[in-house]
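Colleague: I would like to learn how to read a model like this one, feature by feature. Could you take me through it slowly, giving the general idea before the particular case?

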Amino acid sequence: MRRNDWPERLAAFVDARRRAAFRWGTNDCCIFAADWVLEATGVDPAAHWRGYASEAEAQAIIDAAGGLRGLVSLPERATTRLAQRGDVVLAEHEGRQLFGVVIGGGWYAAPGLRGLEFRPMSEALVAFEV
């Protein structure tokens, strides 16, 4: 499913997003994860729900899907311990669920107050194979 050069693409993707500001529908956790899947595979998992521009619009999409997990059509790993570099995770951080991309022993969430935030795998609830 992944392109052969996905490791180089992942490094470039993270570098390009490292300091990007948060913006609903452009650079939030859902779009960050979806953009990575698009970059890694050439398939846009967010094609049918892109275009929102506010928290209310995002929440309506999430609610219609039955929650964040419902937005994902990727296969789930049996456990988060099997998550591999480049996979997508659904995690919980400070009482909120969000998506991230696995990098080494943790995952990047997009974006925090200062750009990407590196978080521990212990926060991951589900890992999705990319």
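Modeller: What follows is a walk through one helix, its cysteines, its aromatic rings and the core around them, and please keep in mind throughout that this is a predicted model.

Colleague: Let us begin with the helix α2; how many residues does α2 have, and how far does α2 reach from its first C-alpha to its last?

Modeller: The general idea is that an α-helix has 3.6 residues a turn, so residues three or four places apart point the same way. Here α2 has 13 residues and reaches 18 Å from its first C-alpha to its last, which is close to the 18 Å expected at 1.5 Å a residue. At the start of α2, a side-chain oxygen of aspartate 28 comes to within 3.1 Å of the backbone nitrogen of cysteine 30, and α2 is followed by glycine 42, whose phi is positive, near 85°.

Colleague: How many of the residues of α2 are buried, and against which elements do the buried residues pack?

Modeller: Eleven of the 13 residues are buried, so α2 is largely enclosed by the rest of the structure. The buried residues include Ile31, Phe32, Ala33 and Val37, and the buried residues of α2 pack against α1, β1, β2, β3 and β4. As a single example, alanine 34 lies in helix α2 and is buried, with a relative accessible area of 5%; leaving out residues up to four places away in sequence, alanine 34 touches Pro45, Ala46, Trp49 and Arg50.

Colleague: Cysteine 29 and cysteine 30 are both listed among the buried residues of α2, so I must ask how many disulfides a search of the whole structure finds.

Modeller: In general, a disulfide is a covalent bond between the sulfur atoms of two cysteines. In this structure the search finds zero disulfides. The closest cysteine sulfur to that of cysteine 29 is in cysteine 30, 4.2 Å away, and this is too far for a bond because the two sulfur atoms would have to lie within 2.5 Å. Both residues are nonetheless buried, cysteine 29 with a relative accessible area of 14% and cysteine 30 at 9% relative accessibility.

Colleague: How should I read the aromatic rings, and how many aromatic pairs are found?

Modeller: A pair of aromatic rings is described by the distance of the centres and the angle of the planes. The whole structure holds five aromatic pairs, one of which joins phenylalanine 13 and tryptophan 36 in a tilted arrangement, 5.7 Å centre to centre with 50° between the planes. Because phenylalanine 13 lies in helix α1 and tryptophan 36 in helix α2, this pair ties together parts that are 23 residues apart in sequence. Phenylalanine 13 counts as buried at 9% relative accessibility, as does tryptophan 36 at 0%, and Phe13, Phe32 and Trp36 form one aromatic cluster.

Colleague: Which residues have the most contacts inside the largest nonpolar core, and which element gives the most to this core?

Modeller: The largest nonpolar core has 42 residues, and Cys30, Trp36, Trp49, Val88 and Phe99 have the most contacts inside it. Helices α1, α2 and α3 and strands β1, β2, β3 and β5 each supply at least two residues, while α2 gives the most, with nine. Setting aside neighbours within four places in sequence, valine 88 has contacts that include Ala33, Trp36 and Val37, together with Phe99 and Val126.

Notes: Residues are numbered from 1 along each chain as its sequence is written. This is a predicted model: local features need pLDDT of at least 70, side-chain atom pairs count only at pLDDT 80 or more; totals for chains, interfaces and linings use all residues. Side-chain values use heavy atoms; hydrogens and water are left out. A nonpolar core is a set of buried Ala, Val, Leu, Ile, Met, Phe, Trp, Tyr and Cys residues joined through side-chain atoms within 4.5 Å. Buried means under 20% relative accessible area, exposed over 50%, partly exposed in between (1.4 Å probe, protein chains only). Helices (H or I, at least four residues) and strands (E, at least two) are DSSP runs, numbered from the N terminus. Contact means heavy atoms within 4.5 Å. The expected span of a helix is 1.5 Å times one less than its number of residues. A polar contact is a pair of N or O atoms within 3.5 Å; within protein, one must be able to donate a hydrogen and the other to accept it, and residues adjacent in sequence count only if both atoms are side-chain atoms. Rings of Phe, Tyr and Trp (its six-membered ring) pair if their centres lie within 6.5 Å; planes under 30 degrees apart count as stacked, over 60 as edge-to-face and the rest as tilted.
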